[in-house]
Each structure stands twice: as C-alpha cells, then as structure tokens.
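Reader: I am a first-year student and would be grateful for a close look at a single part of this protein. Please define each term when it is used.

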Amino acid sequence: MPLRYKINVVQSLKSNGYNTNKIRVDRLLSESTMTKLRRQLPVSWENLETLCRLLDCQPGDILEYVADPPDE
C-alpha cells in the first residue's frame, strides 16, 4: 500500500487527551474506525478530517506516500 501512517494515531490521540472511552462516549470516531487505526488500515476522508481536527495537524502529518518497489 503506497500510503501509510507516519505516526501511531491511537497513541497520538491519547497524548492529546482522547482515550478510547472519550472517543466512544463523545462519538468522535466509530469503533470500526478505531480498529482500522490500530491495524494501520486506511480510513475515510471524513475520519481523516476528524483526526486532523483532534490532533490539530495536516493530513501530511499523519500519512506519507511510499512508492512500491518496481517489479523485476
């Protein structure tokens, strides 16, 4: 997958005061989205926007593009 997370998103959320209970109670992100983040799987644009708002950052602070190696 050419796009990957540059940071541990769940840990960054915790560092910014958003533990899983607060995220669930305040309905900031769904449990399925949290599972995707834990597994380093892609999330929707809407969830990426929410992450940028919660972490006060830009998408490039969360994701990076890494080219697949060329086939030989």
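Author: The following account examines helix H4 and its surroundings, beginning with the whole protein.

The model is predicted, so local features need pLDDT of at least 70 and side-chain atom pairs count only at pLDDT 80 or more, whereas totals for chains, interfaces and linings use all residues. Residues are numbered from 1 along each chain as its sequence is written, and side-chain values use heavy atoms, with hydrogens and water left out.

The protein contains five helices and two strands; these are DSSP runs numbered from the N terminus, a helix being H or I with at least four residues and a strand being E with at least two. Along the sequence the pattern reads β-α-α-α-α-α-β. The C-alpha atoms fill a box of roughly 50 × 20 × 20 Å along the principal axes. Of the 72 residues, 28% are buried, where buried means under 20% relative accessible area, exposed means over 50%, and partly exposed lies in between (1.4 Å probe, protein chains only).

Helix H4 spans residues 45-55. Its buried residues are Asn 47, Leu 48, Thr 50, Leu 51, Cys 52, Leu 54 and Leu 55. The cover over these buried residues includes helix H1 (9-15), H3, helix H5 (59-62) and strand S2 (63-65). After H4 comes Asp 56, whose phi is positive, near 50 degrees.

Within this helix, Thr 50 deserves separate attention. Thr 50 counts as buried because its relative accessibility is 11%. Leaving aside residues up to four places away in sequence, Thr 50 touches Leu 28 and Leu 29, contact being defined as heavy atoms within 4.5 Å. Across the protein, among contacts between residues at least 6 apart in sequence, 58% join residues at least 24 apart.

Leu 29 also appears in the lining of the largest cavity, together with Thr 20, Arg 24, Ser 30, Glu 31 and Met 34. Helix H2 (20-25) and helix H3 (31-38) are the elements that give two or more residues to that lining. The search works on a 1 Å grid over the protein atoms alone: a cavity is a set of points where a 1.4 Å probe fits but cannot get out, a pocket is an open set with protein on both sides within 12 Å along at least five of seven lines, and lining residues have an atom within 4 Å of a point. About 30 Å³ of space lies in the largest cavity, a volume being the space filled by probe spheres set on grid points joined across faces, edges and corners.

H4 also takes part in an open space. The largest pocket holds about 170 Å³. It is lined by 10 residues, of which Leu 3, Pro 42, Val 43, Leu 48 and Leu 63 are the closest to its centre. The elements giving two or more residues to this lining are strand S1 (3-5) and H4, and S1 gives the most, with three residues.

Finally, there is the matter of Cys 52. Cys 52 is buried, with a relative accessible area of 13%, and Cys 57 counts as buried at 17% relative accessibility. A disulfide is a covalent bond between the sulfur atoms of two cysteines; here it is counted as a pair of cysteine sulfur atoms within 2.5 Å. Why do Cys 52 and Cys 57 form no such bond? The sulfur of Cys 52 lies 4.5 Å from the closest cysteine sulfur, that of Cys 57, and is therefore too far for a bond. By this rule the count of disulfides is zero.
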